[in-house]
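Hi everyone, and thanks for making time for this. Let's look at one structure together and talk through its charged side chains and a few of its loops.

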Amino acid sequence: MGSGTPLRLPVVDFSKAELKPGTSGWDSLKEQVGDALEEYGCFEAVYDKVPSELSKGLFGALEDLFNLPLPTKFRNHSKKPFHGYVGQYPMVPLYESMGIEDAPELEKTEAFTSLMWPEGNASFCNIIHSYSKQLSELDKTVRRMVLESLGLEKYLDEHINSTNYLLRVMKYKGPQTNETKLGLNSHTDKNIVTILGQNGVDGLEVQTKDGNWIDVKLSQNSFVVMIGDSLLAWTNGRLFSPPHRVMMTGNEARYSTGLFSIPKAGYIVKAPEELVDEDHPLLFKPYDHVEFLGFYYTEEGQKAKSALKTYCGA
């Protein structure tokens with residue numbers, strides 16, 4: 001990498017075009033999305049369907065959430081790996097997070113809110129639900145564009161219906177030093193698509209195919225849309241699942257969100273036959289995402305350079 005302009009993620013502006021399949025605006029964005037996900041595995045999405053007031057309210061609500069007593073946060077428990085409260089880890093002392101399953105569904109956000117605030121917190125519930133619902137629409141738009149780009153529209157309904165959503169909300173404490181400290185280890189996501197948002201504190205870094213790291217700088221109304229290993233496998237390697245990490249500096253806490261579209265338990269992730277040929281041999285055997293996730297959190301899965309290849313590489 002030379003001494004010129006720092007690397008930056010591609011920017012795709014969803015706020016200026018009519019998001020209707022078949023229009024010239026849609027086709028132009030679809031091409032940008034496809035190119036970005038092939039080369040970088042992610043892009044910065046400018047998306048105005050989440051109003052700035054909602055974003056401000058969200059991060060204020062997250063501050064209240066993470067200020068709750070630790071026993072209260074431990075109520076966010078799940079049998080699924082990385083779906084409940086995560087924190088108190090010596091390896092990543094700045095990090096803690098919670099998960100809200102199916103957050104775009106009002107009754108699920110109501111249940112989570114009641115768990116944290118038995119006396120009720122209607123403002124928190126409404127903010128989380130509205131925010132998640134808007135981001136789920138962006139997720140569906142991006143996934144439709146991916147399938148159209150690959151000529152696989154016939155799988156769209158099955159593809160969308162095969163997933164649930166998880167909203168993970170995250171806090172990274174400021175390390176109280178100008179030295180850069182690890183916020184979260186380098187990893188690839190294991191799901192279909194991730195949509196990341198943050199308050200005004202940066203820290204996300206994404207690794208390119210050639211090993212360089214991009215410091216991600218987000219504007220107030222933009223998000224990072226990122227491919228996970230499950231979509232990498234489903235597209236038989238046509239897209240890139242990028243390693244990423246969080247590096248923190250300074251005094252200010254970073255609050256971020258990740259809306260994950262995740263294959264349902266029992267759904268078999270399998271590349272369509274149209275994407276397998278002599279030039280593109282099958283890369284991954286069909287697998288159940290939940291079972292793969294269980295392997296990923298074993299000692300072998302954590303040590304593997306690519307847990308997906310170790311688990312089901314063809």
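**Charged pairs and where they sit**

Let's start with two residues: both E299 and K303 are exposed. Exposed here means over 50% relative accessible area, buried means under 20%, and partly exposed is in between, with a 1.4 Å probe and protein chains only as cover. Before going on, you should know that this is a predicted model, where local features need pLDDT of at least 70, side-chain atom pairs count only at pLDDT 80 or more, and totals for chains, interfaces and linings use all residues. Residues are numbered from 1 along each chain as its sequence is written, and side-chain values use heavy atoms, with hydrogens and water left out.

Back to our pair. The side chains of E299 and K303 form a salt bridge at 3.0 Å, N to O. By salt bridge I mean a side-chain nitrogen of Lys or Arg within 4 Å of a carboxyl oxygen of Asp or Glu. About one helical turn separates E299 and K303, because they are 4 residues apart in helix 9 (residues 299–303). When I say helix or strand, these are DSSP runs numbered from the N terminus: helices are H or I with at least four residues, strands are E with at least two.

How many salt bridges does a search of the whole structure find? The search gives 16. Some of them share partners, and in this way D27, K30, R144 and E148 are joined into one network.

Here is a pair that links distant parts of the chain. E274 and K154 meet through their side chains in a salt bridge, again given as 3.0 Å, N to O. These two are 120 residues apart: E274 is in the loop between strand 12 (268–269) and strand 13 (287–288), while K154 is in the loop between helix 5 (122–149) and helix 6 (156–161). E274 is partly exposed at 35% relative accessibility, and K154 is exposed at 65%.

Now, is the pair D229 and K190 buried or exposed? D229 is buried at 5% relative accessibility, and K190 is buried too, with a relative accessible area of 10%. Their salt bridge has its closest N and O atoms 3.3 Å apart. This pair also links distant parts of the chain, 39 residues apart, with D229 in helix 7 (residues 229–234) and K190 in the loop between strand 5 (177–187) and strand 6 (193–198).

What about charges outside salt bridges? On the surface, E31, D35, E38, E39 and D210 gather in a patch of negative charge. A patch takes residues with over 30% relative accessible area and no salt bridge; like charges are joined within 9 Å, and nonpolar side chains (Val, Leu, Ile, Met, Phe, Trp, Tyr) within 5 Å. One of the patch members, E31, lies in helix 1 (residues 24–39) and is exposed, with a relative accessible area of 53%.

Let me finish with two backbone details. Q88 is not a glycine, yet its phi is positive, about 60°. You can find Q88 in the loop between helix 3 (70–73) and strand 3 (95–101), and it is exposed, with a relative accessible area of 53%. D102, also a residue other than glycine, has a positive phi near 55°. D102 sits in the loop between strand 3 and helix 4 (106–116), and it is buried, with a relative accessible area of 12%.

Methods: Areas by Shrake-Rupley, 256 points an atom, 1.4 Å probe, with all protein chains shown as cover. Lys, Arg positive; Asp, Glu negative; His and termini not counted. Charge placed at Lys NZ, Arg CZ, Asp CG, Glu CD.
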